Amino acid sequence: MKVLVAIDSFKGSLSSLEAGNAVKSGIEKLGCEVLVKPIADGGEGSVEALADALKARFMDVIVANPLGEKTPARYALKGELGILEMASASGLPLIEKSRRNPLKTSTYGFGEMIAHAIAHGARKFIIGIGGSATNDAGMGMLRALGFKFKDANGAELAGAGEDLIKLATIDYTSVLPHLKECEFLIACDVDNPLFGENGAAYIYAPQKGADAAMVKQLDAGLINFASVVSKHLGRELWNSPGAGAAGGLGFGFVSFLNATLKPGIDIITEEIGLDRDMKGAELVITGEGRLDFQSSMGKTPCGVAKIAASYGVPVIALAGGISPCAGSCNERGIGAFFCILNEPMSLERAMEKETATQNLARVAEQAVRLFLLGHGAK
């Protein structure tokens, strides 16, 4: 029996590849032909999963963190394909809670990552933009790529959130020449507009350190930024689905870099050719660290199940934890799901690599044994 294993990482415990290999070790003894495909949904761990799936190499670079301090960042490169996570350079965890302030933070370091990848031959990009510490509409990122944003007096702006309201003109003369050759595919799972009550500032800035006054200031800045950009481009994109993602970074990408925004799971399954590997499979095993309501809203397990359904292949999901509302996953194509914990234990112990590996292997074996019983196998 051919089994396709496409399981997301168990955050803080196992990578996608490690989790897949744990499942493989548990079911190979049953005579199964097992294919492990590292996978993710565009969130944390996507660079590692795609790099493992595509045999890409990791690239390390020193860039500016959201407050402009030097920090190490990592992305993956496979030929002309660059695989990046914005959070590696401009993510919320990179600055202490007491120092978080979206008026002062910028995506400049993320732009440095992109520039580094371009200098090393990348021309097609797959980028995850979740977890930002910023609300600069991508102004900082674009500045690192050569765009110059100026105030009414012609002074160049640094590109932080507080600079949005000051923008008057945009200078394209120093833009990186290879940028026009690049294609950007952005993993985006939200549809917020750039500004307004459902926009970047009102919905996301408070979790980045903004108080009520800051939110109003940032929203006004986003309105001004959109107005100036619209005049330069001759088109309005502020209301595009996902424009407000990552503090308006989605807007910066679609407006200046002609990027395409798509659900992360769709981008990654297409890139790794999951449809191709699904052919001939008799069972699919997927899962993630915690199975809950969000899992049914386009995250990895249900994204895998959607493809499996088109081939009529049954799906089993495994998870480190399962919430009471995870039953909605059954309505999204997951035939059955199982928690991998076999006995009471602390979260710390459950997340230890050796423990998680053993638990995954053991429960995967028993789940497949049950599947085989149901199909009349001995």
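# A tour of helix pairs and domains

Begin by selecting helix α2 and helix α9, where α2 passes α9 in a right-handed crossing (the near helix is turned clockwise from the far one by less than a right angle). The model is a predicted one, in which local features need pLDDT of at least 70 and side-chain atom pairs count only at pLDDT 80 or more, while totals for chains, interfaces and linings use all residues. Residues are numbered from 1 along each chain as its sequence is written, and side-chain values use heavy atoms, with hydrogens and water left out.

To place this first pair, select residues 46-54 for helix α2 and residues 264-272 for helix α9, which pack at an angle of about 15° with their axes 10 Å apart. Helices here are DSSP runs (H or I, at least four residues) numbered from the N terminus, and axes are lines fitted to C-alpha atoms over the stretch in contact, with angles from 0 to 180 degrees between N-to-C directions. The two helices α2 and α9 are therefore roughly parallel to each other (an angle under 35 degrees). Show the side chains of Ser46, Leu50, Ala53 and Leu54 on α2, together with Ile268, Glu271 and Ile272 on α9, since these residues make the contact (heavy atoms within 4.5 Å). Coloured by class, the residues of this α2 and α9 contact comprise five nonpolar, one polar and one charged (Ala, Val, Leu, Ile, Met, Phe, Trp, Tyr, Cys and Pro are nonpolar, Asp, Glu, Lys and Arg charged, the others, Gly among them, polar).

Next, select residues 212-233, helix α7, and residues 245-256, helix α8, whose packing angle is about 10° and whose axes lie 11 Å apart; α7 and α8 are therefore roughly parallel to each other. Phe225, Ala226, Val229 and Leu233 of α7 meet Phe251, Ser255 and Phe256 of α8 in this contact, and its residues divide into six nonpolar, one polar and no charged.

Move on to helix α1 (residues 16-27) and helix α13 (residues 353-374), whose axes come within 7 Å and cross at roughly 45°, so that α1 and α13 are oblique to each other (35 to 65 or 115 to 145 degrees). The crossing of α1 and α13 is right-handed. On α1 the contact includes Ala19, Ala22 and Val23, and on α13 it includes Leu360, Ala361 and Ala364; the full set of contact residues has eight nonpolar, three polar and three charged members.

For a single residue, centre on Ala115 in helix α4 (residues 108-119). Beyond its neighbours within four places in sequence, Ala115 is in contact with Ala144, Leu145 and Leu176, and the C-alpha atoms of Ala115 and Leu179, 64 residues apart along the chain, are separated by 8.8 Å.

Finally, colour by domain, with 2-38 + 282-374 as domain 1 and 46-264 as domain 2 (bounds from an automatic or database assignment). The C-alpha centres of domain 1 and domain 2 lie 34 Å apart, and each domain gives four residues to the contact. About 360 Å² is buried between domain 1 and domain 2, with 66% of that area from carbon and sulfur atoms (accessible area, 1.4 Å probe, lost when two parts are put together, summed over both). On the domain 1 side, select Ser15, Leu17 and Pro38, which lose the most area to domain 2 and together account for 75% of what that side buries.
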